[in-house]
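Hi,

Here is the structure I promised to pass on. Have a look at it first, and then read on for what turned up when I went through it.

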Amino acid sequence: MEKFAYNVRNVCSIRELIETSVDEFGSNSAFLVKDKHGNIVHITYKEFFSEIKALSTYLCSKGLENKKVAVIGKNSYEWALSYMAVVCGTGIVVPIDKELKAPEIKNILELSGSDAVIYAKEMQEKIDLCEFDGFKMCKTEIAAAVAEGKKLISNGDNSYKNHKIDVYGLGALLYTSGTTGVAKGVMLSQYNIASDVVGTLKTVEVTPRDRTLSVLPLHHTYECTLGLCAILYSGASICYATSLLRLLGEFKEYRPTIFMGVPQLLKAFHTGIMKKVAAVKGGAAFISVGKKITTLTNKFNPEIAPKLFKSVHEAFGGRLRMILVGAASVDKDVFLDLEKFGFRVYTGYGLTETAPLCVMHNDRERKAGTIGVPLAGDKVKIVNPNSDGIGELAIKGPNVMLGYYNDEEATKAAFDDEGYFLTGDLAKIDYESGHYMIVGRLKNMIVTDNGKKIFPEEIEVLLEKCSCIKECMAYGTLNDIDETIVAVKIFPNYDELEKIGICKEDPEIEGKMQSFFLEFVKNKVNKNLPGYKAVHKITIRHREFDKTTTQKIKRMSKDNLLDD
């Protein structure tokens, strides 16, 4: 793969990434945003950089230099500006999921030792409930802060210019969960993130002519590294989608060339495309003939496919050429159909701990059902492969995290003796293409259809607060329409149940237990979790779980997986 590489500049920090882009692409549009009248306004790289320096200067004037600053809210220009102002000239950024409940946000603010939080207006109630006594700034105050920062600079404040960055030290602190006792802070350096950008763009070409329509949450490393940092590195432009309901309209409005999504969203696109074409007279034949032609002329033909499927391309603004997919596996039919319609589909694999990309498709080759090959600069191996070549995927490279914040034990357990990060995912090599394939998850993480990641332990921590639950196990399962949901199995503590009037001898005990646990889950578990983590199914066991010698529940034990 080293032989197939674009000639891209090397950068060691996000600050260097931004400053070199300003030098090279200063008059280019970095962002397209809407003003209060709904008109699209272009913000150039020079203008963006000016506001980065101003906001950073303002934050430093509030005593925040080298401190941790949390950023929380929906995707917006202000979110991107806040993030860049912190990492380029202030301190350490702590991106937080806006969907977390107030107790989870409060827990992250405390665990991270954040000294400040910049938040969107719609987060006001949650921030108030956190009782955070550090510096707080609402998105609505950013314009005034930028203006004040510019005054400070004009009066001789050189805090941005003089700010020193340890590119190999802690630059961003990201939490994989918010729940007390489970929250784990991933420490990334600016070098981790910058090297991930460079490694990606060595084999995937993004140019100043490109534009992305951002829909995935920016607190995720996938969107932040690729949808923000990599785009800005390339001199391209960024637009932020306002909602999924308006997404197709905004495709036509902004006319992006690049889109980053999750498999569930691609599946929805695919369904819509097939219905759109099939509804037209002769549409089914059109699809069949078009696919055969594009298959004969290669699976992606930038000249023929967009002409054959002109109406499909027009629905996405007419310029869309590249779709990047992460978070979960992509349906093979969806992948192949989109390629044959004339869109390049790239599947990428990674984790927060790898900043995030470490294995990905590239401009030379993409294959359905695989995750591609290691990123330029990364080394990958499969640990303890079985007879089918399946083992744990392990990664080593400049994008791999520094470790887990204030958790030496977890950090040590995450790496093998050769310094490879153990991903917890099972993989094998597709020897026909040389690509890697994810075949299962070694760890317990539940991944929903839209790419949300849920740790069973954080559900169990809340369940175990009920004295009437002796043992429990959270897991992912499919509902009636084949969507992944969170389910739990509960082994009751009958002695505690009897104290509240639910006796083992009662002929109606099953119904009473079910009602009791449903009520507890509704009021004490789901209310403290974002919607995608909510428990949707409860099964009551009548015997203890199968456990290891250290009394840990065997999650994959056949007995534990069976319903009573």
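Strands E16 (residues 379–383) and E17 run antiparallel and are joined by 5 bridges. This is a predicted model, by the way, so read everything below in that light. Two of the pairings across E16 and E17 are easy to find: Lys 381 sits opposite Ala 394, and Val 380 has Ile 395 as its bridge partner in E17. E16 itself is two-faced, with Val 380 and Ile 382 on the covered face and Lys 379, Lys 381 and Val 383 on the uncovered one. That fits the usual pattern, in which side chains of a regular strand alternate between the two faces of the sheet.

E17 (residues 391–396) has 5 of its 6 residues buried, so the rest of the structure largely encloses this strand. E17 also pairs with E19 (residues 421–430), again antiparallel, through 4 bridges. If you want a spot to zoom in on, take Ile 395: its bridge partner in E19 is Phe 421, while Val 380 is the residue of E16 that pairs with it.

Next, the other sheet I looked at. It is open and made of 3 strands in the order E23-E24-E25, with mixed pairing. E23 (469–478) and E25 (535–540) are the edge strands, and each has a single partner strand, so one side of each is left without a neighbour in the sheet. From one strand to the next the twist averages 25°. E24 (residues 484–492) and E25 run parallel, with 5 bridges between them; one pairing here puts Ala 487 opposite its bridge partner Lys 537 in E25.

Which helices go with that sheet? H17 (residues 456–463) lies across E23, E24 and E25, and runs at about 145° to E23. H19 (residues 509–525) packs on the sheet too, touching E23, E24 and E25, and its direction makes about 150° with that of E25.

On to the cores. The largest nonpolar core has 118 residues, and the members that touch the most others are Phe 31, Met 84, Leu 228 and Leu 232. Helix H3 (residues 77–89) gives the most to this core, namely 10 residues. Met 84 is a good place to start: leaving out residues up to four places away in sequence, it touches Ile 14, Ile 18, Phe 48, Ile 52, Gly 89, Leu 228, Cys 229 and Leu 232. Apart from this core lies another, of 32 residues, and Ile 454, Leu 462, Cys 468 and Ala 487 are among its members. You met Ala 487 above, as the bridge partner of Lys 537.

Two helices are worth a look for how they are sided. H6 (residues 142–154) has 13 residues, which at 1.5 Å a residue should span 18 Å, and its end C-alpha atoms are indeed 18 Å apart. The buried residues in H6 are Ile 142, Ala 145, Val 146 and Gly 149. Looking down the axis of H6, you see these buried residues fall within an arc of 100°, so they line one face of the helix. What covers them includes helices H2 (45–61) and H3 as well as strands E5 (116–119) and E6 (135–138). On the face turned away from the buried side, the exposed residues are Ala 143, Ala 144, Lys 151 and Ser 154. After H6 comes Gly 156, with a positive phi near 105°.

H11 (residues 263–278) is the second one: 16 residues, reaching 22 Å from first C-alpha to last, close to the 22 Å expected at 1.5 Å a residue. Buried in H11 are Pro 263, Leu 265, Leu 266, Phe 269, His 270, Ile 273 and Val 277. These residues cover an arc of only 155° around the axis, which puts them on the same side of H11. The face of H11 turned away from that side carries the exposed Lys 267 and Lys 275.

One last residue, Glu 19. Is Glu 19 buried, exposed or partly exposed? Its relative accessibility is 24%, and buried means under 20% while exposed means over 50%, so Glu 19 counts as partly exposed. Glu 19 belongs to helix H1 (residues 14–25). Beyond its neighbours within four places in sequence, Glu 19 is in contact with Phe 49 and Tyr 160. Tyr 45 is 26 residues away from Glu 19 in sequence, and their C-alpha atoms are 9.3 Å apart.

Cheers

How values were computed: Residues numbered from 1 in each chain as written. Predicted model: local features only at pLDDT ≥ 70, side-chain atom pairs only at ≥ 80, totals over all residues. Heavy atoms only, no water. Core = buried A, V, L, I, M, F, W, Y, C linked by side-chain atoms within 4.5 Å. Buried < 20%, exposed > 50% of the residue type's maximum accessible area, 1.4 Å probe, protein only. Contact = heavy atoms within 4.5 Å. Expected span 1.5 Å × (residues − 1). Arc of directions from axis to C-beta. Pairing = 2+ DSSP bridges. Axes fitted to C-alpha atoms, helices over the stretch in contact; angles between N-to-C directions.
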